Structures are given as structure tokens and as C-alpha cells.
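Here is a friendly walk through one protein model. Please keep the sequence and the 3D view open while you read.

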Amino acid sequence: MRYYFTALLLFSLIASVSAQSNTIQITHNEAKKQVTVTVDGKPFTAYIYPGPAVLKKPVLYPIMSAGGNFITRGWPLAPRPNERTDHPHHVGMWFNYGDVNGHDFWNNSNEISPSFKGPFGTIVHTGVKSMKSGKGKGVLVVTSDWLDKDGKPMLQETTTYNFIASTDNRTIERVTVLKATDKDVEFKDNKEGMIALRVARQLEQPSTKPEVFTDAQGIATKVPMLNNEGVTGLYHSSEGVKGDDVWGTRAKWMKLTGKVNNETLSVALIDNPQNIGYPTYWHARGYGLFAANPLAPSIMSSGKDSAMNYTLPAGKAVTFRHRLVIQSGELTDSALSQLTK
């Protein structure tokens, strides 16, 4: 897989420009199957769609702060020292789900364990609909198909990315429209979902012991303890819950604070009041998985809430709106609360 990402590594070495205008440039390279996003010539992120031979879904990878630091994990595409090598399906920032008409879109990868029985779904990029660069903001609209095990589309996805930049801030607004094709589509109450990113090692929460987590199929995944030097992450929800206790709680937003290469960062994922299941449940783990799951109230609450099992009728569409804010320095709770309105 690494040969494909040589361009992305070079992309991170682009020389800085002297004047800061926060001009966002969006560039599509069809041959490399990527759309790069820069701010004044410096890397911000890239939408990559290498295809199922490399990834079972399109993702944003990598994502960088205004200070030029990675906020997403490098492994398995471009490993960096001292990273965990678990969950090969955790790549960059993505959007999928663990049970869509019985198909597992979440756990699908080319390194999948035989323990996962499937059937698996695959999300395949179908086109770049439009791109618009600009000062302080750029817009990218892309389309994808959610395919079942036989390669037949169950859902047609149209996603709009709004990329926003200022001197000390990078923001990604993702508006995802899913349209059922010729059959009803059921999103069964399932832990594995829905919008997520896998953060850099420095933004993980320090771990003092080996850890084991189970997935939606009850399969145990060992997450070994690593050297905690430079590991500074801490979750903090809109409801005042902190640390590992945020998992399985509902909140309007979740903030992850930490420091990467001496840059103090606040990384926040924000739900939208128009979304189904608002305020969302949080599938956020100290080892670096940062996810919001609005469709699994029963699983996420350990049975305290009733199952949702959301059904999207054939030919109908549903929209999910989320915002990722990457602030260099402090991002106050009051400022975050304003962004939820």
C-alpha cells in the first residue's frame, strides 16, 4: 500500500508561503485517485479513494493542524514511530456503519481477521461532482455507492465537504446524503459507527495497562500498552463527562485536547440538531478511536434505551451533518456550544 502514498508524504513537505491569506486550494489528481486540500500551499488534508484493493471506503487522510502537525494516525498507510497497529480499518476520517441490511461496512479491510464472518459491504467512490477553491473556504462534492457483498448498490451517497481555515484553525464540515436504491435499507442498532477518525498517538489518552475491547460481533481485540511519553489526550463532552467515561454517553459535542510536537490542540467533533438521534452517542476510546454513533441507542446505552433499527425506505434520502474543528490553542466550551446552534 505504501507506494500509493508517496505523493502524500511529499505533499507534507510543501514549502510554506510568506504571506498568510488562508487561501484554500482544492486539486484533483485522477491518476493518483486523490483530491488534495492546501491552505496557502501548506497541506490540510486529502480525500483519497484508492479503491477496494487498498481501502474499502474513501477517507480523508491525513488531516493536519494549522501548525502543520498530523492529528490522524499514519498506520497502516504511512506508519510513524510508536503507533498502535490495531484495527486496520481505522484510517483517517471516515463515515460508515456496522450493520446495513446485515452487511458490515465498519470492519471491512484487506487485513481482516477470519474471526469476522461478514457479510461485508464496500463503499466505492463514483465521482467528483464539483470543487471550489477560495479564500478561507473551499468546497468539495463527491459521490459514492454503498455496495453489498455481491457488488450491488444499496445506498447512493453524496457528500459535501466544506473546508474552512484561519490562522489558528482548521474546520471540516461534512454533509452526507444517503439515498436508498430499490429496496428499504435498515441500519440495525450496532455499536460500530458512524462518523469517525483515528487520532495520532500523541492525542490518545495515556494507557497504564493492556486493554481488550470487543466489537459488535463479540470478538475481542487486544490493545497493548505502549510508551506514554508525549501522549497527552483527554476527552471532554458537552455534558461535562471526561476521559474514558465518555464512551456510551450522549452529548452535543466531544472535545479531545492534547499536544502534538509542542502545539497545543483542541479537536472537537460536533453533532447537528437536525441529525437523527441528536444528541448522538459517543463511541470514543482512549486508544485513539474518536467516533459519534447516532443510530445505536440500545447498544450504546447497554440496553437502557430502546433499539432504533432505523429504516430508510427505498428511493428516500437522509442527511447527516457533522463538523470537525481543529483549534491550535484552547477551544472553550462556550465557543463550542455556540457552534451547535
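The report below covers an internal cavity, a hairpin, one serine and some unusual backbone geometry.

This is a predicted model, in which local features need pLDDT of at least 70, side-chain atom pairs count only at pLDDT 80 or more, and totals for chains, interfaces and linings use all residues. Residues are numbered from 1 along each chain as its sequence is written, and side-chain values use heavy atoms, with hydrogens and water left out.

**The cavity**

Rolling a probe the size of a water molecule over the atoms shows where empty space is left. Here a cavity is a set of points, on a 1 Å grid over the protein atoms alone, where a 1.4 Å probe fits but cannot get out; its lining residues have an atom within 4 Å of a point. Grid points are joined across faces, edges and corners, and the volume is the space filled by probe spheres set on the points. The search gives 1 cavity of 30 Å³ or more, and the largest cavity holds about 70 Å³ of space.

Its lining is made up of Tyr47, Lys57, Pro58, Phe95, Ile123, Val142, Ser144, Glu157, Thr159, Tyr161 and Arg174. Two or more of the lining residues come from each of β8 (137-147) and β9 (153-166), and β9 gives the largest share, 3 residues. Strands here are DSSP runs of E with at least two residues, numbered from the N terminus. By class, the lining has 6 nonpolar, 2 polar and 3 charged residues. For this split, Ala, Val, Leu, Ile, Met, Phe, Trp, Tyr, Cys and Pro count as nonpolar, Asp, Glu, Lys and Arg as charged, and the others, Gly among them, as polar.

**The β18–β19 hairpin**

In a regular strand the side chains alternate between the two faces of the sheet. In β18 (residues 281-284), Tyr281 and His283 point one way while Trp282 and Ala284 point the other, and all are buried. Buried means under 20% relative accessible area, exposed over 50%, and partly exposed in between (1.4 Å probe, protein chains only).

β18 pairs with β19 (residues 289-293) in the antiparallel sense over 4 bridges; pairing requires that DSSP finds at least two bridges between the strands. Tyr281 stands opposite Asn293 in β19. The two strands form a hairpin with 4 residues between them, and Gly288 in the turn has a positive phi of about 125 degrees.

**Around Ser328**

Ser328 sits in strand β21 (residues 317-328). Is Ser328 buried or exposed? Ser328 is buried, because its relative accessible area is 19%. Beyond its neighbours within four places in sequence, Ser328 is in contact (heavy atoms within 4.5 Å) with Ala66, Gly67, Asp168, Glu263, Thr264 and Leu265. Thr264 is 64 residues away along the chain, yet the C-alpha atoms of Ser328 and Thr264 are separated by 5.9 Å. The side chains of Ser328 and Glu263 share a polar contact of 2.6 Å. Such a contact is a pair of N or O atoms within 3.5 Å; within protein, one must be able to donate a hydrogen and the other to accept it, and residues adjacent in sequence count only if both atoms are side-chain atoms.

**Backbone geometry**

The table gathers two cis peptide bonds and where their prolines lie.

| Cis peptide bond | Omega | Place of the proline |
|---|---|---|
| Tyr61 to Pro62 | about -15 degrees | Pro62 in β4 (residues 59-63) |
| Tyr278 to Pro279 | near -10 degrees | Pro279 in the loop between β17 (263-270) and β18 |

Asn101, though not a glycine, has a positive phi of about 50 degrees. Asn101 is in the loop between β5 (93-97) and β6 (122-132) and is partly exposed, with a relative accessible area of 30%. Asn261 also has a positive phi, near 50 degrees; Asn261 is in the loop between β16 (253-260) and β17 and is exposed, at 56% relative accessible area.

How values were computed: On a 1 Å grid over the protein atoms alone, a cavity is a set of points where a 1.4 Å probe fits but cannot get out, and a pocket is an open set with protein on both sides within 12 Å along at least five of seven lines; lining residues have an atom within 4 Å of a point.
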